[in-house]
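Student: Could we go through this structure together? I should like to start with the basics.

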Amino acid sequence: MTNPLLAPVATPYGLPPYDRIEDAHYASALDAALAEARAEIAVIADNPAPADFANTIQALEGMGATLDRVLGAFFSVAGADATPARQALQREFSPKLAEFSSDLYGNRALWERVRGMWEARASLDLDAQDARLLELTHRAFVRAGAALEGEAAARMRAIKARLAVLGTQFTQNLLAEEAGWRMELDEADLEGLPDFVVEAARAAGRAAGLDRPVVTLSRSLIVPFLQFSTRRDLREGAWRAWAARGANGGETDNRAIAAEVLALREERARLLGHDSFAAWKLETEMAKTPERVRDLLMQVWEPARARAEADAEVLTAMLRAEGINGALEPWDWRHYAERRRQAEHDLDEAVLKPYLQLERMLEAAFDTAHRLFGLEFREVDVPLYHPDARAWEVTRDGRHMALFVGDYFARGTKRSGAWCSAIHGQRHWPAPRRAIVVNVCNFARPAEGRPALLSYDDARTLFHEFGHALHHMLSDVRYGSMSGTSVARDFVELPSQLYEHWLEVPEVLRRFATHAGTGEPMPQEMLDRVLAAATFDMGFQTVEYLASALVDLDFHSGAAPADPMARQAEVLAELGMPHAIGIRHATPHFAHVFAGDGYSAGYYSYMWSEVMDADAFEAFREAGDPFDPETAAALERWVLAAGGTSEPEALYEGFRGRLPGVEALLRGRGLAA
Ligand SMILES: [Zn+2]
């Protein structure tokens, strides 16, 4: 029987034929697609004709069409419906894909052709998008080390291999340290804990084979324990264990690994001609240099620290009122902040939720996209990868724009979190194609026959992922490799975080936040409380995050520190870190930075994006209308339609006429003076 992944069939909108694909098809399709792509690469690399833009740069962009189709179909189900069989497939695929990538960038003949094109670029007479494709292709080869020869090339391979081993080791040590600690509780130790924390502690005890509750180092258990437990001694023990993960001596200690990783990264960056790892890493980002990142973070640091110090005084007074005379400690902060929150901003989730129906919040997201960009959504019945997934055809003035797939409910086979992916992206070349974009969330499934209800955080998540989806739906670029969300990491969250702001527009909630039983709109007083609660304890949250971001940046900005722990302590002392706030991720458990390369010298990017989204929404405020058509048109032209066709800084300046400042972010976080 033919493999439905390999035989292009007429499916609606070009969807993978999910009703005919079986798991066994993926592995054989991947092997066939990789072989096909390798053959295509060989044709390009060994072409006897001299290199030109079409036979080299464009040909590279066009190769691997079958591979893209197979991976687009597979990775959509691999995250959203990760059965054990598909997890096994994923483990089998990742080394094959890594090998394919290193063979591609390690192909000398191919590199010579790409380099030749780059050197001849001034005489090629390329238009902007073709020139961008050449620039990005050349940059990808250089960054992978294609230009290195002899000893340097061998050293680069050795460094990459060693870093992969160290990253895995770091993760496994952390898992072992987290699994290896627990605090057993007696009934009397449950003082102050609400039912859901007691239940979670009992479940953790049962999972450990004990008939008593335990606290573990899982964030979803230890954070509520630190918030609610009235037992200061137990909070201290739990907090100290949590803060010490990865730094307990013995075989699972991560401190030496961190030092080696930092040294190897610096060496790798120097081999590629950069002064520091951060300089190399930031080359492809909007921020471009470590100095600009530091400058931005420090503009937020001072107001955040001032707010945290003021909050610390309020919390210390609460501590004193209980007859405790020592200083406010890191194991006290969450506890007293939670009690303050209850006193000042109590929001009863049970009363709020009926106003936030999934169907109505989807309508709100669609209606906002209609008012801003003229998009229309019509639900369609097409074969998808799971019965929970639904699809809408997206049109504008009757023209097909995209297919939008929403897969909203939690289930055992879905990985946690929420994300947006594309089964395939938009492009004009070699033939026009519109995106098929998927939003996946983990909302609680309603009881049979009842409407699905969201928390306010859930509703924000829905808008966030929908903002990423718009980046694909409105994409209007020539090449697939730069369409939709194919942009710098510190730019990609702009559309998504920006879209969250429309949930705060009063007329949106007034129209769409209607009670599931009575149909009444959300009362203004409740709306005010929801919005006020969003900035609660922002001094603490901003400080604990920024401290980690600044340590990450410092580690990668100059010579690698021989003793990262000592350097971390120096950085925190220079910053004037408040005594009662711990760094969010101390070095021995900073998995974002040490488990792999993803967020190394990049942990700042959450804040960078937030600066932009706050400033971008300000453009609508300045226009006097959250749906101002001219501002929306500029946003579409310069950001949502443009993908990666230009440097993000140029795109943002095109939209806003200037680069963003931190003022709108400070107001949004409640940190403005
Ligand atoms: Zn996002």
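Tutor: The points below take up the metal site, the cores, the aromatic rings and some backbone details.

Student: How was this model obtained, and how are residues numbered?

Tutor: It is a predicted model, in which local features need pLDDT of at least 70 and side-chain atom pairs count only at pLDDT 80 or more, whereas totals for chains, interfaces and linings use all residues. Residues are numbered from 1 along each chain as its sequence is written, and side-chain values use heavy atoms, with hydrogens and water left out.

Student: Which residues coordinate the zinc ion?

Tutor: The zinc ion is coordinated by His 464 (NE2), His 468 (NE2) and Glu 493 (OE), at 2.1 Å. Donors here are N, O and S atoms within 2.8 Å of the metal (3.2 Å for Na, K and Ca); water is not among the atoms, so sites may look incomplete.

Student: What spacing do the donors follow along the chain?

Tutor: The spacing is H-x3-H-x24-E. His 468 lies in helix α17 (residues 456–473) and Glu 493 in the loop between α17 and α18 (494–500), so the pair ties together parts that are 25 residues apart in sequence. Helices (H or I, at least four residues) and strands (E, at least two) are DSSP runs, numbered from the N terminus.

Student: Is His 468 buried or exposed?

Tutor: His 468 counts as buried, at 7% relative accessibility. Buried means under 20% relative accessible area, exposed over 50%, and partly exposed in between (1.4 Å probe, protein chains only).

Student: Now the interior. How many residues has the largest nonpolar core?

Tutor: That core has 138 residues, and those with the most contacts inside it include Trp 333, Phe 404 and Leu 462. Helix α21 (residues 538–557) gives the most to this core, with eleven residues. Apart from it lies another core, of 54 residues, among them Phe 53 and Leu 384. A nonpolar core is a set of buried Ala, Val, Leu, Ile, Met, Phe, Trp, Tyr and Cys residues joined through side-chain atoms within 4.5 Å.

Student: Why might such residues gather?

Tutor: In soluble globular proteins, nonpolar side chains tend to be buried together.

Student: What about aromatic rings? How many pairs are there?

Tutor: The count comes to 33 aromatic pairs. Rings of Phe, Tyr and Trp (its six-membered ring) pair if their centres lie within 6.5 Å; planes under 30 degrees apart count as stacked, over 60 as edge-to-face and the rest as tilted. Tyr 599 and Tyr 606 form a stacked pair, 5.2 Å centre to centre with 5° between the planes.

Student: Which charged residue sits over the ring of Tyr 599?

Tutor: The charged end of Arg 489 does, 4.5 Å from the ring centre. The rule is that NZ of Lys or CZ of Arg is within 6 Å of the ring centre and within 35 degrees of the ring normal.

Student: Changing topic, where is the cis peptide bond?

Tutor: A cis peptide bond joins Trp 429 and Pro 430, with omega about 0°. Pro 430 belongs to the loop between β6 (419–424) and β7 (435–443).

Student: And what is the phi of Ala 601?

Tutor: Ala 601 has a positive phi of about 50°, although it is not a glycine. Ala 601 lies in the loop between α23 (591–594) and α24 (605–623), and counts as buried at 1% relative accessibility.
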